Amino acid sequence: MKKIKIFVAILALMAVFTSCQKQLIEDPKAILVPQNLTSPAGLQLALDASYAGSRNLWGGQDYFFMTTLGTDEFARGGDANAAAANYTFTPTESRVNTIWRNCYIFINSCNGVIDNAPNVDLVPTVRAQMIAEAKFLRANYYFNLVQSFGDVTLLKNFETVGSTSASRAPMADVYAFMIQDLKDAIPVLPASPKISATVLPGKATAAAAKHLLAKIYLTRAGSSAKQASDYQDAYTIANELITTASTIGLSLQADFARVFAEGNEDNSEVLFSVQHTSNLAYNGPGAPSGATGDNMLNHLFIGYYERKPGMVRDVFYGRPFNRAVPTNWLLNTAFKERVNDSRYNKSFQTVWIANNPAASGYPLWPNPLPAGAPANAIVGQAKFKAGDTAIYMPGVDVTDAKIAATRYLVIPPRKYDNTLAPTLTKYFDSKRTTPDVVSIRPVIVYRLAETYLIAAEAAFMSGQTPRAVTLINTVRERAAANQANKTAMDIQASDVSLDFILEERSRELCGENMRWFDLVRTGKLIDRVKLYNTEAGTAIQAKHILRPIPQSQIDAVSTGAPYPQNPGWQ
């Protein structure tokens, strides 16, 4: 197999994970070289590096751009890179390169573990689990590559020497390789991600591997590499995980709000999460401009609340990177139901409390007072004070007269813009030391609610609509605002379609780094972006169902056949 010159690095500087009672502790060490992989400690270091690489995707700004923006859910915020968000980028786009480069670096780390473990003096059960963990991680990295780029170079073994030649394997071969990796790993890995003395947060388990395997089958079913049994296989694997979940300590959280509650990231619903670190040697100096593998998601959905009267930037409300704003479709269609369904109110911030300590930062009542002003309004006096409501987004229209007569700033949907709109709260981090530093919260990658939706989609696509209804209703009932009447959330078979399933995935999973993949998998990317993302829809084309192969990769192949670019990107 030919090798990639630049991106198949020997193991780079990565964080080392050692265990304590409840979390992973990182301690950056020296660069790994092949000789390190001949000892138990060196092999463990390589496996830890394989885990640490996930931080360069889940939590990173580049991965967020490629999975979340330019979809039917989120449009470009005012400070987002327009080319990356709106399909006007080229093969030189750095965010595309980030996915490609990091996946291959850490695939090689995984290969190092898998190839060298049989020759290292280890307890056989320990050796088998290390290999199984590496195979899970390798499948996860390849899954990102094949969804993003289609045919990709398939590296099955540890590479220690670069090459100036490379080729692309058919997508079908990559899918088969991932599936076999997971089939190998599942019988060996610990059954449950429930935290214990032997299972730390963020470690690979059989439950996570089953979820990933079901998702891979579901995704292959929507690709040119599809197999006749893919939908049934996806359903069977996902349904097995669902029906056995309670026996291994897994369950949906009773309250949707608890899934992303700070400090609850290792809850009973979480199947796999990516751990982040406060160690500045890994994260950079702490400010986003110097960050590398840190969790920036706490910044990316936040708009310019600080520019409104009574508000200043603080830790609780976060640093406004203003990269994403929800589309009108997401707010007004997907989340139209807000009486029975609690997920809108538990996913989005619509109220800001005044926090400006300076009296001069507050608006004054004008002369004359607007019609309808409160009885105690006084010309020239502050409309409100610190601790009062400063901004409110009611989610329904309000007249300009009513807005003028209200003490605080009322922003109805017609006044949302790309600087401020309802703000996704799933990644808020109020424990940071200053507004500007990045988050160290784990990023939830796979959770049981999605397993239900994977099983539902696979059931529907394989003609098992009644089972799809039952699965969807389980997720919807959990989200009911009134749990005493949760069946008010139930749907019927006639309600189910692929578009409805996509809407349900938005209600449950919006902003969770997967929407672009969902739309490509279901063949809906072009149509839904054109319909629901005004800015991105003007540029999207058929070629955008695949990302371009990075130009740096193509340029690095100087021997043998040129490295092929994806269709339409030449």
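The following exercises, with worked solutions, concern a predicted model.

**Exercise 1.** Determine whether the end-to-end distance of helix H8 (residues 230-244) agrees with its expected span.

*Solution.* Helix H8 has 15 residues. The expected span is 1.5 Å times one less than the number of residues, so the helix should span 21 Å. The C-alpha atoms at its ends are 21 Å apart, which agrees.

**Exercise 2.** Identify the elements against which the buried residues of H8 pack.

*Solution.* The buried residues of H8 include Asp230, Ala234, Tyr235 and Ile237, and also Leu241 and Ile242. Their packing partners are helix H7 (206-221), strand E4 (270-274), helix H15 (448-461) and helix H16 (465-478).

**Exercise 3.** Classify the aromatic pair of Trp100 and Tyr563, and state which parts of the chain it joins.

*Solution.* The structure holds 25 aromatic pairs. In the pair of Trp100 and Tyr563, the centres are 6.2 Å apart and the planes lie at 85°. Planes over 60 degrees apart count as edge-to-face, and this pair is edge-to-face. Trp100 lies in helix H4 (residues 94-116) and Tyr563 in the segment after helix H21 (551-556), so the pair ties together parts 463 residues apart in sequence. Both residues, Trp100 and Tyr563, are buried.

**Exercise 4.** Classify the pair of Tyr104 and Tyr142 in the manner of the preceding exercise.

*Solution.* The ring centres of Tyr104 and Tyr142 are 6.5 Å apart and the planes stand at 90°, so the pair is edge-to-face. Tyr104 belongs to helix H4 and Tyr142 to helix H5 (residues 124-149), so parts 38 residues apart in sequence are tied together. Both Tyr104 and Tyr142 are buried.

Key. Residues are numbered from 1 along each chain as its sequence is written. This is a predicted model: local features need pLDDT of at least 70, side-chain atom pairs count only at pLDDT 80 or more; totals for chains, interfaces and linings use all residues. Side-chain values use heavy atoms; hydrogens and water are left out. Helices (H or I, at least four residues) and strands (E, at least two) are DSSP runs, numbered from the N terminus. Buried means under 20% relative accessible area, exposed over 50%, partly exposed in between (1.4 Å probe, protein chains only). Contact means heavy atoms within 4.5 Å. Rings of Phe, Tyr and Trp (its six-membered ring) pair if their centres lie within 6.5 Å; planes under 30 degrees apart count as stacked, over 60 as edge-to-face and the rest as tilted.
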